[in-house]
Amino acid sequence: MIVVTSVLPRPSPATARTARPRHYLMCRPDHFEVRYAINPWMHPDVPVDRERALAQWDALRRTYLDLGHRVDLLDPVPGLPDMVYTANGATVVDGLVLGARFRHPERAAEAQAHRAWFAAAGHPVVEPEFVNEGEGDLLVVGDVVLAGCGFRTDPRAHAEAAAVLGREVVALELVDPRYYHLDTAIAVLDETTVAWLPAAFTPAAQEVLRARFPDALVADPADAAVLGLNAVSDGRHVVLPAQAVGLAAALAERGFVPVPVDLSELRKGGGGPKCCTLEVRA
Ligand code: ARG
């Protein structure tokens, strides 16, 4: 028998990547601006093109719809320029909502807007005692919740999240002010896979992550520096900043489908695709 290896089909990636339809909450950047600085990405003296921010945001929304996901919209509130970053407003697990409590007074009122939206949508909502910035710092991976601290979320909020959400919570301390939220330093790709930037974490947290995710994709610092890890995955398609070209290639190599979006205008507030996207888990 003659086997012509050159015409054999390429082996499929070791893991078949399967998309699961998602439900997201987004908020139009109608009032987006950078007039205070609460992270190193924000420079109030650098002008923001709000029309451009709106167009980029709308392209992100349409990307989700084209991928078959559901997108609900939270009404923007004048005077809350960071409200476009809905990921920070709550954490939803099994339909149950753990509300947020913001570190900075500039964003405090966003928490109430989220709680009201979820209550009106029929979700049980818990108002937290300690500062937690929603999915900015609380990332659901399979059955566990990875929980950031060091800049925004109070470490005491970790036990609170475990009690409210009924999930194991793994504390991870962040050390680099550019990666002030956990979702800027680690991307959840599916129930068992993450991509991350080791240098954004304390040595202890790095050890925890290496033990839990031995096959994790280690991101290049250059990709993290364009907020590449602020990505949204449905298990197969990974929506990520267009500038993170190295990360996109590494994802494709592992069988994921990178879906680049340009959110450069919203990056001026310190956020990327994930920051603009809160997952509503039924
Ligand atoms: N300007 C916002 C802040 O500093 C950006 C939030 C980004 N959101 C995120 N999930 N990382 O709070």
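Q: Which residues come nearest to the ligand in this predicted model?
A: Of the 17 residues around the ligand, Asn39, Arg107, Asp183, Gly269 and Cys275 come nearest. A residue belongs to this group if one of its heavy atoms lies within 4 Å of the ligand.

Q: What makes the pair of arginine 107 and the ligand a polar contact?
A: The cut-off is 3.5 Å between N or O atoms. A polar side-chain atom of arginine 107 lies 2.6 Å from an oxygen atom of the ligand. That pair is therefore a polar contact.

Q: How do you know that aspartate 183 and glycine 269 make polar contacts with the ligand?
A: Aspartate 183 uses an N or O atom of its side chain, 2.7 Å from a ligand nitrogen. Glycine 269 uses a backbone N or O atom, also 2.7 Å from a nitrogen atom of the ligand. Both values are within 3.5 Å, so both pairs count. The protein covers 100% of the 350 Å² of accessible area that the ligand has on its own.

Q: Which cavity does the ligand take up?
A: The ligand's space is the largest cavity.

Q: Why is histidine 69 called buried?
A: Its relative accessibility is 6%. Buried means under 20%, so histidine 69 qualifies. Histidine 69 sits in the loop between α1 (50-66) and β2 (70-73).

Q: What makes histidine 69 and aspartate 234 a polar contact?
A: Their side chains are joined at 3.0 Å. The limit is 3.5 Å, so the pair falls within it. Histidine 69 also touches other residues distant in sequence, including Arg20, Pro21, Arg22, Tyr24 and Tyr64.

Conventions. Residues numbered from 1 in each chain as written. Predicted model: local features only at pLDDT ≥ 70, side-chain atom pairs only at ≥ 80, totals over all residues. Heavy atoms only, no water. Helix = DSSP H or I, 4+ residues; strand = E, 2+ residues; numbered from the N terminus. Buried < 20%, exposed > 50% of the residue type's maximum accessible area, 1.4 Å probe, protein only. Polar contact = N/O pair within 3.5 Å; in protein donor to acceptor, adjacent residues only side chain to side chain. Contact = heavy atoms within 4.5 Å. Areas by Shrake-Rupley, 256 points an atom, 1.4 Å probe, with all protein chains shown as cover. 1 Å grid on protein atoms, 1.4 Å probe; cavity = no way out; pocket = protein on both sides within 12 Å on 5 of 7 lines; lining within 4 Å. Sits in = over half its atoms within 2 Å of the grid points. Lists of a residue's contacts leave out its neighbours within four places in sequence.
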